[in-house]
Amino acid sequence: MAILEIQTYPESVLKEKALPVTEITEDIQRLIDDMAATMYNAPGIGLAANQVGALQRVIIFDITPKNEGRKLNVLINPEIIAAEGTQVYQEACLSVLDYAADVRRKARVLATGLDRNGKEVRIEAEDLLAVVLQHEIDHLDGILFIDRISRLKRNLYKRQLQKKLKK
């Protein structure tokens, strides 16, 4: 397993829509393993393939507390097929450096996709898991969490980032 480079805002790959996986090949399996190594190394709780430069509809996540071990989840071609309620959760992202903000999301979601063996998976999620699924699937559609906050907050972040990059 390799640690991959996490693409950071404003890299263009983060704004591109990922393509459906048509076949679960050795390359897809290697991508999943490398994404897992990268996510755990970062450390993070979720990662979408385009965050490591691969435009494939693959996400991984693990919200298990560190003291309870690892429980990696993989969703290939994930979709949210039902959602209800609202919640506000403070989000951060491995691709959006040094920034967190409150984001309004659905409180409960039903997501489907395939596991790494091609078996259909249905996940009923609420709270943090619902947020993670929405956040990572957004990545596959070229949407960052900063696209879901006010224009004022987004512009403040962009200015802060520009100042940091000039140093």
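How much space lies in the largest cavity? In this predicted model, the answer is about 30 Å³. A search of the whole structure turns up one cavity of 30 Å³ or more. Its walls are made by Leu-97, Asp-98, Tyr-157, Gln-160, Leu-161 and Lys-164. Two elements, strand 5 and helix 3, each give two or more residues to this lining, and helix 3 gives the most, with four residues. As for chemistry, the lining of the largest cavity splits into three nonpolar residues, one polar residue and two charged ones.

One of those lining residues, Tyr-157, also turns up in the aromatic contacts. The count of aromatic pairs comes to three. Take Tyr-9 and Tyr-157: their ring centres are 6.1 Å apart and their planes meet at 50°, so the pair counts as tilted, given that tilted covers whatever is neither under 30 degrees nor over 60. This pair reaches across the chain, with Tyr-9 in the segment before helix 1 (26-41) and Tyr-157 in helix 3 (residues 151-166), 148 residues apart. Both Tyr-9 and Tyr-157 are buried.

Tyr-157 has another tilted partner in Tyr-99, at 4.8 Å centre to centre and with 40° between the planes. Here Tyr-99 lies in strand 5 (residues 96-105) and Tyr-157 in helix 3, so the pair ties together parts that sit 58 residues apart in sequence. Strand 5 and helix 3 are also the two elements named above for the cavity lining.

Are these two rings buried or exposed? Tyr-99 has a relative accessible area of 16%, and Tyr-157 has one of 1%. The cut-off for buried is under 20%, so Tyr-99 counts as buried, and so does Tyr-157.

Zooming out a little, which residues form one aromatic cluster? Tyr-9, Tyr-99, Phe-145 and Tyr-157 do. Tyr-157 thus appears both in this cluster and in the lining of the largest cavity.

A contact of another kind involves Tyr-40 and Arg-70. The charged end of Arg-70 sits over the Tyr-40 ring, 4.0 Å from the ring centre.

Conventions. Residues are numbered from 1 along each chain as its sequence is written. This is a predicted model: local features need pLDDT of at least 70, side-chain atom pairs count only at pLDDT 80 or more; totals for chains, interfaces and linings use all residues. Side-chain values use heavy atoms; hydrogens and water are left out. Rings of Phe, Tyr and Trp (its six-membered ring) pair if their centres lie within 6.5 Å; planes under 30 degrees apart count as stacked, over 60 as edge-to-face and the rest as tilted. Buried means under 20% relative accessible area, exposed over 50%, partly exposed in between (1.4 Å probe, protein chains only). A charge sits over a ring if NZ of Lys or CZ of Arg is within 6 Å of the ring centre and within 35 degrees of the ring normal. On a 1 Å grid over the protein atoms alone, a cavity is a set of points where a 1.4 Å probe fits but cannot get out, and a pocket is an open set with protein on both sides within 12 Å along at least five of seven lines; lining residues have an atom within 4 Å of a point. Grid points are joined across faces, edges and corners, and a volume is the space filled by probe spheres set on the points. Ala, Val, Leu, Ile, Met, Phe, Trp, Tyr, Cys and Pro count as nonpolar, Asp, Glu, Lys and Arg as charged, and the others, Gly among them, as polar.
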